[in-house]
Amino acid sequence: PCESTVNRIINDLHKSAVCLNFVYSTEEDIIPTPQSSNPTILPTLDDVRRELPLCADFADMFVYMSTGCLPQDDTAARSLVMQSPDYLLEDGVLYRLTTRRTKKLERLSSYIKQLCVPTKLRPDVAKGIHDFNCHPGFDRTYATCRLRYHWPGMYKMLHEYVMTCEVCQRVKRQFSARPVPTLHVPVAPPW
């Protein structure tokens with residue numbers, strides 16, 4: 001009997017998801033068994049609301065957008081006022097408004113809302129996007145994440161996460177690995 005495990009995920013990015021564990025006892029027999037009752041793969045909006053005022057990256061923008069209070073530092077206050085048109089506070093959740101990086105879409109219809117993710121929830125987002133999405137490579141993980149989420153240093157953090165993923169290192173083939181060079185052994189004359 002051959003046993004292998006395949007994780008299937010049915011998710012909606014801001015709702016809870018169901019994780020199924022398929023156990024193949026024989027090649028014809030497929031028995032799905034729930035891994036847990038209802039695991040949360042990505043942080044919920046309630047988690048973001050709770051952590052957003054505590055995040056060092058977005059706390060000043062959150063306070064400014066919600067109350068109108070600026071920081072005491074003049075340089076930080078000016079920077080905050082200049083960046084504020086790019087942000088939107090909706091139901092206690094901070095979003096960044098941005099345009100897609102493409103020439104084929106019209107400018108007016110290409111605005112997207114990116115959820116500002118607090119520092120504490122970033123590893124959960126990386127795990128949800130990478131681990132529970134069949135372990136795509138870095139390019140696909142980053143492309144998926146940058147359309148929906150925003151935080152400073154996202155590129156570097158996701159790159160480190162994907163490149164150090166234990167499952168990816170064990171299973172995926174290295175395309176950039178060079179073949180081992182053949183050694184030329186000198187042949188000695190017969191006498």
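**Exercises on a predicted fold**

The secondary structure of this protein, a predicted model, adds up to seven helices and seven strands.

**Exercise 1.** Work out in what order the elements of the protein run from the N terminus on.

*Solution.* Start at the N terminus and walk along. The elements come as β-β-β-α-α-α-β-β-β-α-α-β-α-α. So much for the order; the pairing comes next.

**Exercise 2.** Find the strands that pair with strand 5, and say which way they run.

*Solution.* Step one: take strand 4 (residues 87-90) and strand 5 (residues 93-99). These two run antiparallel, joined by four bridges. For a concrete spot, look at Leu88, which sits opposite Tyr95 in strand 5.

Step two: check the turn. The hairpin of strand 4 and strand 5 has two residues between the strands, and Asp91 there takes a positive phi near 55°.

Step three: move on to strand 6 (residues 111-116). Strand 5 and strand 6 also run antiparallel, this time with five bridges. Leu97 has Lys113 in strand 6 as its bridge partner.

Put together, strand 5 is bridged to strand 4 and to strand 6.

**Exercise 3.** What share of the 191 residues counts as buried, and what share of the accessible surface belongs to carbon and sulfur atoms?

*Solution.* First, burial: with the cut-off set at under 20% relative accessible area, 28% of the 191 residues count as buried. Then the surface: the protein has about 13800 Å² of accessible surface, and carbon and sulfur atoms hold 55% of that.

**Exercise 4.** Among contacts with a separation of 6 or more, what percentage comes from residues 24 or more positions apart?

*Solution.* Keep just the contacts with a separation of 6 or more, then pick out the pairs 24 or more positions apart: these account for 46%.

Definitions and conventions: Residues numbered from 1 in each chain as written. Predicted model: local features only at pLDDT ≥ 70, side-chain atom pairs only at ≥ 80, totals over all residues. Heavy atoms only, no water. Buried < 20%, exposed > 50% of the residue type's maximum accessible area, 1.4 Å probe, protein only. Contact = heavy atoms within 4.5 Å. Areas by Shrake-Rupley, 256 points an atom, 1.4 Å probe, with all protein chains shown as cover. Pairing = 2+ DSSP bridges.
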